[in-house]
Amino acid sequence: MTDLSQAVSILRNGGLVAFPTETVYGLGADARNEHAVQRVFAVKQRPANHPLIVHLADAQQMSAWAQEIPDAAWQLAKHFWPGPLTLVLRKQPQVLAVVTGGQETVALRVPAHPIAQALLQAFGDGLVAPSANQFTHLSPTTAEAVYAELGEQVDVILDGGLCEVGVESTILDLTESRVPRILRPGMITRLQIAHVLRQEVFTKEQMATDILAPGMHPVHYAPRTKTMLLAPEKLLGFLHALLADDLPCAVLTRHAEPFAVSGVEQIIMARDAAGYAHELYDALRTVDDARFKYIIVEDVPRTAEWEAIRDRLQKASRNR
Ligand code: TXA
Ligand code: MG
């Protein structure tokens, strides 16, 4: 595949390659090249204190980036990698400060997407790959969305179609205490991790935290259109109370029966969490581009499998 060898040589020369992962598209650069990593921050307009995830071809490469790796990390790697799980570990001394935001820890992940895998294997070392969007925007789940976000600033965009998982990886901190802690929920749930480790797993909210954690920025994963999250039982009443000035608006809902309210475009989402996550960002991006007055999202269940989706919806509805 000429695309792939071209992409590898661009990366070796300090260039930027956007590529699909199973979660969202990443903006890839050589994690050992300070200048290349700085370009990633510049292109995304991302503040320097937001550290990047280093993507690896396989779990064996973990030791080149992290030290004092606990057993839990190897167990989780064995169980969930390649896949949508990121582990925060103590960094090796030579890991660039620009990658870790000056912290003593590094985030590592082995993505499952065949194009990401092929690229990482051919490259042979770690690639930083933040989501390929402008800081605080929605993550891209298609190559077209990457182009809309970053345009010509990226040297190559590898097209892998619509991402399978659709929301960013679960980030698990294994450094801070004896109890693993989820810093960002993803489609691999706290319960699945606890089951593999046979140990309790905390969420960010369950522990006092003053360290730099992902998604802590109050506005994140946000459409430009004002977005509201509404309880299912309030939805119909709310729609009927909308004034002409509020219309047109788009509603993301899991209910297939038509609302039949004029000026309200109903977008019917999957009933199951995996299906919903898979289509979420693409649906949000589409309605965001269509210039509705509001995007209204019907809230989703409060169970563990919906936790990552609820987290993203809450962030999307905390408007700029
Ligand atoms: O699914 C994903 O993880 C995607 C795909 C492309 O792999 N990547 C992604 O990267 O979401 P990014 O940069 O958009 O989000 C990474 C998050 C950031 O919010 C950052 O704060 C956190 O990971 N992070 C990175 N290194 C960290 C560290 N050492 N400690 C705590 N959080 C860290
Ligand atoms: Mg991101």
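**Close-up 1. Threonine 23, a buried loop residue.** With a relative accessibility of 3%, threonine 23 counts as buried, since the cut-off for that label is under 20%. This is a predicted model, as are the views that follow. Threonine 23 sits in the loop that links β1 (17–20) to β2 (25–30). Its side chain makes a polar contact of 2.8 Å with the side chain of threonine 21. Leaving aside residues up to four places away in sequence, threonine 23 touches Pro84, Arg109, Thr141 and Cys163, as well as the run Val165, Gly166, Val167, Glu168 and Ser169.

**Close-up 2. The open sheet with the order β12-β15-β13-β14.** Here are four strands in an open sheet, paired in parallel. At the edges are β12 (226–230) and β14 (264–268), each with pairing on one side only. Ignoring direction, neighbouring strands of this sheet are turned by 20 degrees against each other on average. Look at the β12 edge: β12 pairs with β15 (residues 294–298) in the parallel sense, over five bridges. In this pair, lysine 226 stands opposite tyrosine 294 of β15.

**Close-up 3. Helix α9 across the sheet.** Staying with those strands, we add helix α9, which covers residues 232–240. Helix α9 lies across β12, β13 (249–253), β14 and β15. Against β15, helix α9 runs at about 145 degrees.

**Close-up 4. Helices α10 and α11 packed together.** Helix α10 (residues 273–289) packs on helix α11 (residues 307–316) at an angle of about 30 degrees, and their axes are 10 Å apart. That makes α10 roughly parallel to α11, because angles under 35 degrees count that way. The crossing in which α10 passes α11 is left-handed. On the α10 side, the residues that meet α11 are Ala273, Tyr276, Ala277, Leu280 and Tyr281. Across from them, α11 offers Ile309, Arg312 and Leu313.

**Close-up 5. The crossing of α4 and α8.** Helix α4 (residues 71–80) and helix α8 (residues 190–197) cross at roughly 115 degrees, and their axes come within 10 Å. This crossing is right-handed. From α4, the contact takes in Ala72, Gln75, Leu76, His79 and Phe80. Gln192, Ile193, Val196 and Leu197 make up the α8 side.

**Close-up 6. Two cis peptide bonds, each leading into a proline.** Most peptide bonds are trans, so these two spots are worth a look. The bond from tryptophan 81 to proline 82 is cis, with omega near -5 degrees. Proline 82 belongs to the loop between α4 and β5 (85–91). The other view goes to leucine 247 and proline 248, where the peptide bond is again cis and omega is near 0 degrees. Proline 248 lies in the loop between α9 and β13.

**Close-up 7. Positive phi at arginine 198 and alanine 260.** Most residues other than glycine have a negative phi. Arginine 198 is not a glycine, yet has a positive phi of about 50 degrees. You'll find arginine 198 in the loop between α8 and β11 (202–203). Its relative accessible area is 79%, so arginine 198 is exposed. Alanine 260 also has a positive phi, near 55 degrees, and is located in the loop between β13 and β14. At a relative accessible area of 73%, alanine 260 is exposed, because that label applies over 50%.

Definitions and conventions: Residues numbered from 1 in each chain as written. Chains lettered and ligands numbered in written order. Predicted model: local features only at pLDDT ≥ 70, side-chain atom pairs only at ≥ 80, totals over all residues. Heavy atoms only, no water. Pairing = 2+ DSSP bridges. Axes fitted to C-alpha atoms, helices over the stretch in contact; angles between N-to-C directions. Contact = heavy atoms within 4.5 Å. Buried < 20%, exposed > 50% of the residue type's maximum accessible area, 1.4 Å probe, protein only. Polar contact = N/O pair within 3.5 Å; in protein donor to acceptor, adjacent residues only side chain to side chain. Parallel < 35°, antiparallel > 145°, perpendicular 65-115°, else oblique. Left-handed = near helix turned anticlockwise from the far one by under 90°.
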